[in-house]
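Hello,

Here is the structure I promised to pass on to you. Have a look at it first, and then read on for what turned up.

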Protein chains: 2
Amino acid sequence: MGGDRAPGMVVDGASIARKRFPDVRYLLFGDEARIAPLLESTPGLKGCCEIRHTKDFVSNQDKPSAALRTGRQSSMRLAINAVDAGEAAGVVSAGNTGALMTMAKIVLRTVPGIDRPAIASYFPTLRGESIMLDLGANIVCDAANLVQFAVMGEVFARTVFGVVKPSIGLLNVGSEEQKGHEEVRAAAAELRSTDLPISFHGFVEGNDITAGTVDVVVTDGFTGNIALKTAEGTAKLYSEFLRGAFHSSLVARIGYLFARHALNKVRKRTDPRRYNGAMFLGLNGIVIKSHGGTDALGFANAIGVAVDMAANDFNTRIRDEIAHLHAGAAAAKPPQAVSG
Amino acid sequence: MGGDRAPGMVVDGASIARKRFPDVRYLLFGDEARIAPLLESTPGLKGCCEIRHTKDFVSNQDKPSAALRTGRQSSMRLAINAVDAGEAAGVVSAGNTGALMTMAKIVLRTVPGIDRPAIASYFPTLRGESIMLDLGANIVCDAANLVQFAVMGEVFARTVFGVVKPSIGLLNVGSEEQKGHEEVRAAAAELRSTDLPISFHGFVEGNDITAGTVDVVVTDGFTGNIALKTAEGTAKLYSEFLRGAFHSSLVARIGYLFARHALNKVRKRTDPRRYNGAMFLGLNGIVIKSHGGTDALGFANAIGVAVDMAANDFNTRIRDEIAHLHAGAAAAKPPQAVSG
């Protein structure tokens, strides 16, 4: 029931995803009276969908704490419960981000060794794709949080992305050691001196995100959210300027006709729907947050992210990897000298 | 002597600026042995330039505190001193940002009512241009700093930009009142309840910067710096994708030939050199920071920003406006009830 165009957009998204992943089944949580007619009118979807009726839903205006208290029968909460109960491999929601994170934390709990989950997403870069976290779950972060985000990002890039030795960068206002605030400097000092087998690049700046300088960009949720939305806004500005240019004269319109095919490729490559589906990392369960304003195609991509993580059994791997990393770090420590 | 290609780039920049502003004269601070031959070989420039020789200069690696202590005879310091002495209307530097800010604060001091200067710059938007501050001078800001940045941005947009009633937005991760960290919420509360005649829009998000939702975007220097560089990186990514698209096939190349004229307009409109020249607001003197990696055209634009601020007598106006705003606010306060 979440998102600007739910539940129609969600059903249509499942319909698109069904063609890509024919074996996936869907539990749809929400108002049966509204969802059932949509299923009826969508060919082929009924067979792989099951409606779990509830009247309650979390609105975008609800505070996370209020949603947690009063939303025990909400579609969002019941969907998360289904993941916890093992009925669903993951949950995809276009609803209230804060409520989704708060409920998921309470119901699914964090992986051992992780204090706070983080929101991660893919980013297009000059060298391919990178991932960035946190994108808004943790507005204020200390050094330990940032170090944990680095570990989660590293494991994600290695296990799901398939990067052999992913490089990690901490987002800052300059590359020199003394730059930035206390938290970011302390996190860098810890990542530089850690026994964890992590390839820490050092500080990166805003322009390094799209340059693809590192595979994983780590930052606090305040800065990450603003960087993500600034990038989205800039891409939109650029494409509007282009649209205007191609409409500015007859000659330019002719040029557009010739270049249309190539330009459509650029449009697809920078389409925000392509990168829809932010991952909540660090939970005992797969939780994917779709943009609230997305359409069916964007929602289908968010479903794809969940399918990908489930197929790679990401959650087991991240738990094992983090335990392994910590065990390795402990073993690598020199034995303590005994005084006497 | 600052910037990657100084002093040649600086001299060439002055040469371009000379054609735009024929009445401006330049004091060039630095190594005479290197600057004099450049002036000799640049037609027409010698007549409006005067070299102030010094061997010392601040490097990009110098810490601001060290530059302040040991750089009393540096080209940067002597140039700032010339502004303080009234010999120069403003200083333009492509050197070490931190050192420039630290020296300028000590020598020129802040305007009464302003605790800390901020770095501001123009931003292209869908609706024209806006200004954003702080872009990196103050990594950690409290609510009072953010409120002062809002006041400076308001006065700047009104007096130099000519916006009748500029709208002010505080950069945050959402528009609702409870969003963000303590400092940004406290600053919003103060701007909402203030007696200052300021048009406070409320919180804005990263995508609002280029959407042009407000005339002035206010944030701390950490977030602002990262947002600025993320926008620059995204614009570069987009233009690289486009370049690739136009080279991807013969048909696309033909399209480019037709659309070239229109596309060049977009390139000019988004050229970072066009927006070169960040303003240090809140000082008793005009200080403009050019990108270190810019070329002569970019440096000429930074000179243009200084000329513009000097021509509009911005510093007197900001001082008067801030005094006036504070006086107005004091007068607008209801008289205190006398109990008895």
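Leaving aside neighbours within four places in sequence, which residues is A:A120 in contact with? Before the reply, please keep in mind that this is a predicted model. The contacts of A:A120 are A:I131, A:M132, A:L133, A:L135, A:G153, A:F156, A:A278, A:M279 and A:L281. That residue is also a good way into the interior: the largest nonpolar core has 214 residues, and A:A120, B:A120 and B:L133 are those with the most contacts inside it.

**Confidence**

The average pLDDT of chain A is 90, and 96% of its residues score at least 70. For the complex, the predictor gives an ipTM of 0.88 and a pTM of 0.89.

**How the two chains are related**

A turn of 180 degrees with a shift of 0.0 Å along the axis lays chain A on chain B, with an RMSD of 0.0 Å. This is the relation of a two-fold axis. If you want to find the axis on screen, go to A:G255: of the residues of chain A, its C-alpha comes closest to the rotation axis, at 1.9 Å.

**The interface**

Chain A and chain B each bring 55 residues to the contact. On the side of chain A that touches chain B, β4 (118-125), α8 (206-211), α9 (221-246) and α10 (250-270) each supply at least two residues. The largest share comes from α9(A), with 21 residues. Sorted by class, this side of chain A has 29 nonpolar, 18 polar and 8 charged residues. The copies meet through the same surface, because 100% of the interface residues of chain A are also interface residues in chain B.

**Strands around β4 in chain B**

Strand β4 (residues 118-125) of chain B pairs with two strands that are worth a look. With β9 (residues 278-281) of chain B, the pairing is antiparallel over 3 bridges. Here B:A120 has B:M279 in β9(B) as its bridge partner. With β5 (residues 128-133) of chain B, β4(B) also runs antiparallel, and 6 bridges join the two. B:Y122 stands opposite B:I131 of β5(B). β4(B) and β5(B) form a hairpin, with 2 residues between them.

**A buried helix in chain A**

Is helix α4 (residues 75-84) of chain A largely enclosed or open? Of its 10 residues, 7 are buried, so α4(A) is largely enclosed by the rest of the structure. The buried ones are A:S75, A:M76, A:R77, A:L78, A:A79, A:I80 and A:V83. They pack against β1 (26-30), β2 (49-53), β3 (90-93), α5 (97-108) and β10 (286-289) of chain A. After α4(A) comes A:G86, which has a positive phi near 80 degrees.

**An exposed arginine in chain B**

For contrast, try B:R192 in helix α7 (residues 182-193) of chain B. With 10 other C-beta atoms within 10 Å, B:R192 is exposed. The C-alpha atoms of B:R192 and B:G202 are 7.9 Å apart in space, and the two residues are 10 apart in sequence.

Happy viewing, and do write back with any questions.

Best wishes

How values were computed: Residues numbered from 1 in each chain as written. Chains lettered and ligands numbered in written order. Predicted model: local features only at pLDDT ≥ 70, side-chain atom pairs only at ≥ 80, totals over all residues. Core = buried A, V, L, I, M, F, W, Y, C linked by C-beta atoms within 7 Å. Buried ≥ 20, exposed ≤ 12 C-beta atoms within 10 Å, placed from the backbone. Contact = placed C-beta atoms within 7 Å. Helix = DSSP H or I, 4+ residues; strand = E, 2+ residues; numbered from the N terminus. Nonpolar A, V, L, I, M, F, W, Y, C, P; charged D, E, K, R; others polar. pLDDT = per-residue confidence, 0-100. Least-squares fit on C-alpha atoms with pLDDT ≥ 70 in both. Pairing = 2+ DSSP bridges.
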